[in-house]
2 protein chains.
Amino acid sequence: MVTYMKTIIKSETKEIVIDTEDPFTIIGEKINPTGRKKLAAQLKERNFDYVRGLVLEQVEAGADILDVNVGVPGEDEVVLLPDVCKVVMEATDVPLCIDSANTEALAAALAVIPGKPLVNSVNGEEASLKAVLPVVKEFGAAVIGLTMDDDGIPHEPETRLSIAGKIIERAGKIGIPIEDIVIDPLVMTIGADSKAGRVTLQTIELVREEFGVNINLGASNISFGLPDRHTINQAFLGLAIAAGATCAITDPMRLSLTIRAVDLLLGRDDYAGRYIKHYRTLAAEIES
Amino acid sequence: MVTYMKTIIKSETKEIVIDTEDPFTIIGEKINPTGRKKLAAQLKERNFDYVRGLVLEQVEAGADILDVNVGVPGEDEVVLLPDVCKVVMEATDVPLCIDSANTEALAAALAVIPGKPLVNSVNGEEASLKAVLPVVKEFGAAVIGLTMDDDGIPHEPETRLSIAGKIIERAGKIGIPIEDIVIDPLVMTIGADSKAGRVTLQTIELVREEFGVNINLGASNISFGLPDRHTINQAFLGLAIAAGATCAITDPMRLSLTIRAVDLLLGRDDYAGRYIKHYRTLAAEIES
């Protein structure tokens, strides 16, 4: 039997354990200017009040970790990413997931973040492995590993599994322990390929079975281009958690109650205490 | 490898195949006076317009089969059940699932229903097996078998599996083929027992693995007494379909889009054609 890992993510004062014994971990996705014009404009102006609002509303809605992405065309992420991380850390004690394709920006942000953040992300491309893993190692962070490589995103779950293995192996070689790797099996659009859901679900099962590592999901891609995306996203999140996913980068306002319901249905919430408490928190927020 | 069964249910002119190759089968639950005071009152008065409305709205919302239950205290089901079945059959060509604990009423209804309806239900109690199975055999119907017996509803999936086996065996002895048995693994309230979801999901997997029969779910029990029951019901239906359930007695207006989303996510809907078509049907209904 494979051993299931515990991935520990820390802010200065708070610790989150990603595993199947604790509640499913919700990584708030909203501090990301991609497709959010208002956030992009505020970041350009270095007006961080809007960011502070996104911090508070996501934490209140149940985010355990906050993703921070400041990729605005024309802005220097090496300066902006650490600055925004500082703003977020002043507003909350929740740990961070720093999200950038720019290795220098990742290093600059990691230099100002105490504890043990999550880095989003490395993948199986040679250039990515060589650039990102040493930075993760240097700062003692954990990292999300995407199952794609120089040949793109494979269609077969087995090939995605082997890329996961390559990332784990290469990380191990420079001293990053396996429990600090969270594999993201990648989610393609099901409107374009009706097998996309199955491929991701099978990859989750294969990677859990083979390596016991934690699994992250960027769940909303699945429904791109289809009507009532929320219904599809809800259903997919449930299937993925049942298959073995342990955290997701998602909208806590829209999907946290579904996540708590799935925890409950999988027998991870005695007397439905967490579900009921979370329902009341959301209901109070909607009223206020 | 076990062979997965196809259960064929027919009206006079329409055939529904329950299996995992075809879309998940939706059995509309709303013609049932339990907890529906208005329907109970209309049935007492023999005013069937309300029933006709429930037929049409459920079929428009995607019901493949309609459950018909007329259990109103003080009314004679032996007369009322066949009468209401006739009303339903005049309004739609969708096959029926006749739902009664009264064997005489089942026989009286089966006598007026052409094709091959589903009978809801037999269970592992001696009295039930002896009373219901011969009627099912006589009229060539299919039957839902509940995994409970004279000792009640077992907590262990393995015991529920063995009751399923007993029902299949006893049915076989009088000539009812295994593909005409649809096993219902029973769903208890998760607010009272946090293992209730897992027990049902494991029973589904065990019964599918052992016998290959189709699995029905009465999905809404799971959330009894909890807030936002719909979120829990949606999530549970997804998990149950992924585990192997092939039909559910449910509210098509509220849950059919979730069901179509799960079919899609499990790779059973090329180009999302069925999902999109169903979304448009529901949207048009809401507008009209």
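1. In this note, buried means under 20% relative accessible area, exposed means over 50%, and partly exposed covers what is in between (1.4 Å probe, protein chains only). The structure is a predicted model, in which local features need pLDDT of at least 70 and side-chain atom pairs count only at pLDDT 80 or more, while totals for chains, interfaces and linings use all residues. Residues are numbered from 1 along each chain as its sequence is written, chains are lettered from A and ligands numbered from 1 in the order in which they are written, and side-chain values use heavy atoms, with hydrogens and water left out.

2. On confidence, chain A has a mean pLDDT (the predictor's confidence in each residue, from 0 to 100) of 96, and 100% of its residues reach 70 or more. For the complex, the predictor gives an ipTM of 0.92 and a pTM of 0.94.

3. The central feature to examine in chain A is a barrel, closed by 8 strands in the order β3-β4-β5-β6-β7-β8-β9-β10, with parallel pairing. Neighbouring strands of this sheet are turned against each other by 30° on average, direction ignored. Strands (E, at least two residues) and helices (H or I, at least four) are DSSP runs numbered from the N terminus, and two strands pair if DSSP finds at least two bridges between them.

4. Strand β3(A) can be followed to both of its partners in the barrel order. With β10(A) it pairs in the parallel sense over 4 bridges, and there A:Ile26 stands opposite A:Ala248; to strand β4 (residues 65-68) of chain A, β3(A) is joined by 3 bridges, again in parallel, with A:Ile27 opposite A:Ile65. Because 7 of the 7 residues of β3(A) are buried, this strand is largely enclosed by the rest of the structure.

5. Strand β9 (residues 214-217) of chain A pairs in parallel with β10 (residues 247-250) of chain A over 2 bridges, and A:Asn216 has A:Cys247 in β10(A) as its bridge partner. Helix α9 (residues 252-265) of chain A packs on the sheet, where it touches β3 (25-31) and β10 of chain A, and its direction makes about 170° with that of β3(A). Such angles run from 0 to 180 degrees between N-to-C directions, with axes fitted to C-alpha atoms, for helices over the stretch in contact, and contact means heavy atoms within 4.5 Å.

6. Helix α6 (residues 157-173) of chain A lies across β6 (118-123), β7 (142-146) and β8 (181-184) of chain A, and runs at about 160° to β8(A).

7. A polar residue that deserves a look is A:Gln58, which lies in helix α2 (residues 49-60) of chain A and counts as buried at 0% relative accessibility. Leaving aside neighbours within four places in sequence, the contacts of A:Gln58 include A:Gly28, A:Glu29, A:Lys30 and A:Ile31, as well as A:Pro252 and A:Met253.

8. The largest nonpolar core (buried Ala, Val, Leu, Ile, Met, Phe, Trp, Tyr and Cys residues joined through side-chain atoms within 4.5 Å) has 166 residues, of which A:Val51, A:Val84, B:Val51 and B:Val84 touch the most other members. Not counting residues up to four places away in sequence, A:Val51 touches A:Ile31, A:Leu39, A:Leu43, A:Val84, A:Val87 and A:Val88.

9. Over all chains there are 30 salt bridges, each a side-chain nitrogen of Lys or Arg within 4 Å of a carboxyl oxygen of Asp or Glu. In one of them, the side chains of B:Asp19 and B:Lys6 meet at 2.5 Å, N to O. B:Asp19 lies in the loop between β2 (15-18) and β3 (25-31) of chain B and B:Lys6 in the segment before β1 (7-10) of chain B, so the pair ties together parts 13 residues apart in sequence. B:Asp19 is buried, at 5% relative accessible area, whereas B:Lys6 is partly exposed, at 39%.

10. B:Lys116 forms a salt bridge with B:Asp180, with the closest N and O atoms 2.7 Å apart. The former lies in the loop between α4 (103-112) and β6 (118-123) of chain B and the latter in the loop between α6 (157-173) and β8 (181-184) of chain B, so parts that are 64 residues apart in sequence are tied together. B:Lys116 is buried, at 17% relative accessible area, and B:Asp180 is buried as well, at 6%.

11. In the salt bridge of B:Asp263 with B:Arg274, the closest N and O atoms are 3.6 Å apart. B:Asp263 lies in helix α9 (residues 252-265) and B:Arg274 in helix α10 (residues 273-287), both of chain B, so the pair ties together parts that are 11 residues apart in sequence. B:Asp263 is buried, with a relative accessible area of 0%, while B:Arg274 counts as partly exposed at 26%. In chain A, salt bridges that share partners join A:Lys6, A:Asp19 and A:Glu21 into one network.
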